[in-house]
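Please read the following briefing with the sequence and the model at hand. Topics are taken one at a time, and terms are explained where they come up.

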2 protein chains.
Amino acid sequence: MSKKHVQKTAPPAPEAVAITEAEWDIMELLWEKSPRTSQEIATLLEEGRGWKRATVVTLLARLTAKGALATEPQGNRFLYTPAVVRSACVEDETRSFLDRMFGGALQPLVAHVAEHHSLTKKDIAELKALLDQIKPNS
Amino acid sequence: MSKKHVQKTAPPAPEAVAITEAEWDIMELLWEKSPRTSQEIATLLEEGRGWKRATVVTLLARLTAKGALATEPQGNRFLYTPAVVRSACVEDETRSFLDRMFGGALQPLVAHVAEHHSLTKKDIAELKALLDQIKPNS
DNA sequence: TGCTCATGTTTACAACTGTAAGCAATAACG
DNA sequence: CGTTATTGCTTACAGTTGTAAACATGAGCA
């Protein structure tokens, strides 16, 4: 095998990797559609965020290194695919956010949002409907 | 005035400062009760977090420098008081979190939490009650 | 087969963060 | 008044993050 395509990945697929702010932009694109080439992603983010190709490639490498992305060689390049599921990542962020800000509970968050973002009647109705659909855990 | 107590504060009181993870621990203590001396805070966080006094003092200085804390000299020390209100900080975090994770809307978050944290019947009831109390914005 | 282009790798670097030691000055105590 | 204990200030340092240039190498075209 060539000397180049070595792309160090994290051995076991850790089901929870920390994804930074900038990295999220890349993950979102791949969660939305994958696999993609670095070029595809770079093009999208050059426009959308003004990033240089090099920046995108660095982030891809970091994400791969920490096991958030899986790569499949294709010629002299890679196809990138998420190796972690979005909802699990969202889950982690949500948990840590709720813990830090609201003692881990949902109610105080909803109360806060209600107070500060002024929910519309429609929002409230939707939330109620949503709650009705939930099958309680106990 | 002595040469020592200089404590650079941020000139205008910016109503929104970025507070880091570690800094939150300090702010929480001061929001809960203020003013406090550095000693008080250090003692609490030495036990609670295993931080050294120096660490606490550094963080106090950083918070003061960015205008999150106000200081009042008292003898050879300071009394520290929050210069930003908690709910405003929570607000910023919440907004940015909701934007990043859920497109800024509350519903998807609630849906997510319902699915992943399994709300109890009681939780759901509480949330509904909460929603009933909210006076819609429109 | 030689050259160019695309693509990953290495290196860089500044800002921010967590964590803290060491120093200086002042208050407090004897 | 001298010694000690407090307390803030300065400096430090490694790890993370955002951002990217430079480089090497393999692929594809001429």
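B:Thr37 sits in the loop that runs between α1 and α2 (38–49) of chain B, where helices (H or I, at least four residues) and strands (E, at least two) are DSSP runs numbered from the N terminus. With a relative accessible area of 11%, B:Thr37 is buried; buried means under 20% relative accessible area, exposed over 50%, and partly exposed in between, computed with a 1.4 Å probe on protein chains only. Apart from neighbours within four places in sequence, B:Thr37 is in contact with B:Arg77, B:Phe78, B:Leu79 and B:Tyr80, contact meaning heavy atoms within 4.5 Å.

This is a predicted model, in which local features need pLDDT of at least 70 and side-chain atom pairs count only at pLDDT 80 or more, while totals for chains, interfaces and linings use all residues. Residues are numbered from 1 along each chain as its sequence is written, chains are lettered from A and ligands numbered from 1 in the order in which they are written, and side-chain values use heavy atoms, with hydrogens and water left out.

**Fold of chain A**

- The secondary structure of chain A consists of 6 helices and 2 strands, which follow one another along the sequence in the pattern α-α-α-β-β-α-α-α.
- Chain A has 138 residues, of which 37% count as buried.
- Among the contacts in chain A with a separation of 6 or more, 57% are made by residues 24 or more positions apart.

**Relation of the two copies**

- A turn of 180° with a shift of 0.0 Å along the axis lays chain B on chain A with an RMSD of 0.1 Å, the superposition being by least squares on the C-alpha atoms of residues with pLDDT of at least 70 in both copies.
- The two copies are therefore related as by a two-fold rotation axis.
- B:Lys128 is the residue of chain B that comes closest to the rotation axis, with its C-alpha at 3.3 Å.

**The interface**

- Chain B and chain A each bring 41 residues to the contact, and between them they bury about 4,000 Å², 69% of it on carbon and sulfur atoms; buried area here is the accessible area (1.4 Å probe) that two parts lose on being put together, summed over both.
- In chain B, the residues that lose the most area to chain A are B:Met101, B:Gln107 and B:Leu131, which together account for 15% of what that side buries.
- Of the interface residues of chain B, 100% are also interface residues in chain A, so the copies meet through the same surface.
- Between chain B and chain A there are 10 residue pairs in polar contact, both residues being at pLDDT 80 or more; a polar contact is a pair of N or O atoms within 3.5 Å, of which, within protein, one must be able to donate a hydrogen and the other to accept it, and residues adjacent in sequence count only if both atoms are side-chain atoms.
- On the side of chain B that touches chain A, α1 (21–32), α4 (86–102), α5 (106–117) and α6 (121–133) each supply at least two residues, and the largest share, 12 residues, comes from α4(B).

**Salt bridges**

- The structure holds 22 salt bridges over all chains, and 6 are found across the interface of chain B and chain A; a salt bridge is a side-chain nitrogen of Lys or Arg within 4 Å of a carboxyl oxygen of Asp or Glu.
- A:Lys128 and B:Asp132 meet through their side chains in a salt bridge (2.5 Å, N to O); A:Lys128 lies in helix α6 (residues 121–133) of chain A and B:Asp132 in helix α6 of chain B, so the pair joins two chains.
- In that pair, A:Lys128 is partly exposed at 29% relative accessibility, whereas B:Asp132 is exposed at 52%.
- A salt bridge also links the side chains of B:Arg100 and A:Glu21 (3.8 Å, N to O).
- Within chain B, the side chains of B:Glu32 and B:Arg36 form a salt bridge (3.0 Å, N to O), in which B:Glu32 is exposed with a relative accessible area of 61% and B:Arg36 is buried at 5%.
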